[in-house]
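Trainee: I would like to learn how the terms used for a structure are justified by its values. Could we go through some of them one at a time?

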Amino acid sequence: MTLGNTIGRRILAICAVHQITLNKLGSICGITQSTLNNIVSGSSKNPTVATVKKVCDGVGMTLGEFFNTPEFNALEQEVK
């Protein structure tokens, strides 16, 4: 799994926990729904840290909390 895919899955998990749609998350975070859809669908291969930070700010979590999951910890190193 790639970093972009893992970020997309994490965003969907956050929506599920907060029982909100991507559209609602976008409204809360100040991100367009199309940007979130591109991240979740995998069209956006490398979402920016700024975008992830907006998601975190919108749902009241830190970047550390966002990335502190088994899925992120299991990602293979991309630079070898």
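Mentor: Let us begin with two helices, keeping in mind that this is a predicted model. Helix H1 and helix H4 (residues 49-59) pack with their axes 12 Å apart and at an angle of about 10 degrees.

Trainee: What makes H1 and H4 roughly parallel or roughly antiparallel to each other?

Mentor: The term roughly parallel is used for angles under 35 degrees, and the angle here is about 10 degrees, so H1 and H4 count as roughly parallel to each other. The crossing in which H1 passes H4 is left-handed, and the contact is made by Ile7, Ile11, Ile14 and His18 on the side of H1, with Val52, Val55 and Val59 on the side of H4.

Trainee: Gly8 has its place in helix H1 (residues 3-18) too. How do you know whether Gly8 is buried or exposed?

Mentor: Buried means a relative accessible area under 20%, and Gly8 has 2%, so Gly8 is buried. Gly8 touches Ile39 and Val40, if residues up to four places away in sequence are not counted. The C-alpha atoms of Gly8 and Ile39 are separated by 5.3 Å, although these residues are 31 residues apart along the chain.

Trainee: Let us turn to the aromatic rings. Which term describes the pair of Phe66 and Phe72, and why?

Mentor: Ring centres within 6.5 Å make a pair, and planes that are neither under 30 degrees nor over 60 degrees apart count as tilted. For Phe66 and Phe72 the centres are 5.9 Å apart and the planes are at 40 degrees, which makes the pair tilted.

Trainee: Why is the pair of Phe67 and Phe72 given the term edge-to-face?

Mentor: The planes of Phe67 and Phe72 are at 70 degrees, and their ring centres are 4.9 Å apart, so with an angle over 60 degrees the pair is edge-to-face. Phe66, Phe67 and Phe72 form one aromatic cluster.

Trainee: How do you know which terms of accessibility fit Phe67 and Phe72?

Mentor: Phe72 has 10% relative accessibility, which is under 20%, and so counts as buried. Phe67 has 28%, which lies between 20% and 50%, so Phe67 counts as partly exposed.

Trainee: What makes the charged end of Arg10 sit over the ring of Phe66?

Mentor: Part of the rule is a distance within 6 Å of the ring centre, and the charged end of Arg10 is 5.6 Å from the centre of the Phe66 ring. The rule also asks for a position within 35 degrees of the ring normal, and the charged end of Arg10 is counted as sitting over the ring.

Note on methods: Residues are numbered from 1 along each chain as its sequence is written. This is a predicted model: local features need pLDDT of at least 70, side-chain atom pairs count only at pLDDT 80 or more; totals for chains, interfaces and linings use all residues. Side-chain values use heavy atoms; hydrogens and water are left out. Rings of Phe, Tyr and Trp (its six-membered ring) pair if their centres lie within 6.5 Å; planes under 30 degrees apart count as stacked, over 60 as edge-to-face and the rest as tilted. Buried means under 20% relative accessible area, exposed over 50%, partly exposed in between (1.4 Å probe, protein chains only). Helices (H or I, at least four residues) and strands (E, at least two) are DSSP runs, numbered from the N terminus. Contact means heavy atoms within 4.5 Å. Axes are lines fitted to C-alpha atoms, for helices over the stretch in contact, and angles run from 0 to 180 degrees between N-to-C directions. Angles under 35 degrees count as roughly parallel, over 145 as roughly antiparallel, 65 to 115 as roughly perpendicular and the rest as oblique. A crossing is left-handed if the near helix is turned anticlockwise from the far one by less than a right angle, and right-handed if clockwise.
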